[in-house]
Amino acid sequence: MSHKGCLSVTKYFLFLFNVFFFILGSLVFSFGLWILFDQNNFASTLGSSYYALKIWSYVFSGVGILTMFLGFLGCLGSLKEVKCMLGLYFAFLLLLFVSQVIIAILIQTHSNTITSTVAGRVKTIIAGYGTNTSLSDGDSWDFVQEQFQCCGWKGWADWMENSRVRNASNKEYPCSCQNTSALHSANNGTTDKPALFCRAEAPLQINNRGCRESVQTWLNNNIISIVGICLGIALLELFLMMVSMFLCRTIGPNYDKLARYS
């Protein structure tokens with residue numbers, strides 16, 4: 001295959017690959033907006049809390065925007081042979097790759113520090129849970145307890161640090177500590193946002209495990225999938241960086257192709 005033919009194949013391969021990326025990103029972004037603006041139907045169908053849906057909508061929207069942006073740079077840069085766009089495409093991929101490597105190294109080398117920092121932060125959230133100044137943090141911790149079916153960081157006893165739980169005449173506990181099935185049953189399947197605290201009128205149907213144990217169990221059960229996904233993403237980024245750099249170095253010095261189409 002001639003040099004020109006190899007360049008054309010590489011160019012259109014990168015273009016088609018990034019067209020797929022752009023379409024995928026637009027679908028993910030649209031799905032994130034759908035969740036954000038139609039929370040009632042999603043809450044009733046999936047049985048998720050409003051805060052959990054908001055978190056997922058932001059995640060999907062952010063991933064979609066980033067994917068669309070990279071797809072746009074790759075499509076236009078490869079099709080029009082614009083070196084500056086290919087260079088920007090390479091730079092963003094390199095930034096993502098380096099960030100992933102740095103995060104992985106920090107997690108591996110500072111795991112004990114991270115654990116103690118998270119534990120201290122959780123203790124602060126629990127102590128201030130239910131006050132106006134900690135509503136956002138409280139919603140975040142409710143999301144964690146509901147998703148991982150846990151209560152407190154080490155266990156239920158952590159909630160004795162909260163003044164309302166400690167001083168309540170009738171025993172109370174955070175509703176997010178309750179079993180998901182029991183919580184939905186108590187709300188009769190409605191989509192109204194549940195109260196922060198539930199009164200113990202019956203035997204406590206709460207999760208006995210602490211969230212530290214639940215998170216650790218989840219990581220141990222999914223470590224192979226997590227490493228596989230991260231490795232796959234890293235290899236894909238390296239491959240796309242090599243292709244974009246090959247195009248950037250191979251196309252002729254007269255690279256301002258946009259002038260042809262103006």
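Here a biologist and a modeller talk through a predicted model and the reasons behind its labels.

Biologist: Let's start with the salt bridges. What makes Glu81 and Lys11 a salt bridge?

Modeller: Their closest N and O atoms are 3.0 Å apart. The cut-off is 4 Å between a side-chain nitrogen of Lys or Arg and a carboxyl oxygen of Asp or Glu, so the pair qualifies. The two partners belong to distant parts of the chain, 70 residues apart: Lys11 sits in helix H1, and Glu81 in the loop between H3 and H4.

Biologist: Why is Glu81 called buried?

Modeller: Its relative accessible area is 15%. Buried means under 20%, so Glu81 gets that label. Lys11 comes out at 10%, so Lys11 counts as buried too.

Biologist: And what is unusual to look at in the backbone of Glu81, say its phi?

Modeller: Phi of Glu81 is near 55 degrees, a positive value in a residue other than glycine. Gln149 also has a positive phi, near 50 degrees, and Gln149 is in the loop between H6 and H7.

Biologist: How many salt bridges are there in the count?

Modeller: Two. Glu172 with Arg164 is one of them, at 2.9 Å from N to O. That value is within 4 Å, so the pair passes.

Biologist: Are Glu172 and Arg164 buried or partly exposed?

Modeller: Glu172 is at 11%, which is under 20%, so Glu172 is buried. Arg164 has 45%, between the 20% and 50% limits, so Arg164 is partly exposed.

Biologist: Over to the surface. Why can Phe13 be part of a nonpolar patch?

Modeller: Phe13 has a relative accessible area of 38%, and patch residues need over 30%, so Phe13 clears that bar. Phe13 lies in helix H1 and makes the patch with Leu236, Phe239 and Met242, about 360 Å² in area. H9 gives the most to the patch, with three residues.

Biologist: Last one, the largest pocket. Which residues lie nearest its centre?

Modeller: Ile103, Ile107, Gln108, Leu219 and Ile226, out of 24 lining residues. The elements giving two or more residues to that lining are H4, H5 and H9, and H9 has the largest share with 12 residues. The space in the largest pocket is about 1100 Å³.

Biologist: What is the make-up of the lining by class?

Modeller: The lining has 17 nonpolar, six polar and one charged residues. Ile and Leu count as nonpolar and Gln as polar, so among the residues nearest the centre, Ile103 and Leu219 are nonpolar and Gln108 is polar.

How values were computed. Residues are numbered from 1 along each chain as its sequence is written. This is a predicted model: local features need pLDDT of at least 70, side-chain atom pairs count only at pLDDT 80 or more; totals for chains, interfaces and linings use all residues. Side-chain values use heavy atoms; hydrogens and water are left out. On a 1 Å grid over the protein atoms alone, a cavity is a set of points where a 1.4 Å probe fits but cannot get out, and a pocket is an open set with protein on both sides within 12 Å along at least five of seven lines; lining residues have an atom within 4 Å of a point. Grid points are joined across faces, edges and corners, and a volume is the space filled by probe spheres set on the points. Helices (H or I, at least four residues) and strands (E, at least two) are DSSP runs, numbered from the N terminus. Patches are made of residues with over 30% relative accessible area and no salt bridge: like charges are joined within 9 Å, nonpolar side chains (Val, Leu, Ile, Met, Phe, Trp, Tyr) within 5 Å. Accessible areas come from the Shrake-Rupley method with a 1.4 Å probe; for residues, only the protein chains shown count as cover. Buried means under 20% relative accessible area, exposed over 50%, partly exposed in between (1.4 Å probe, protein chains only).
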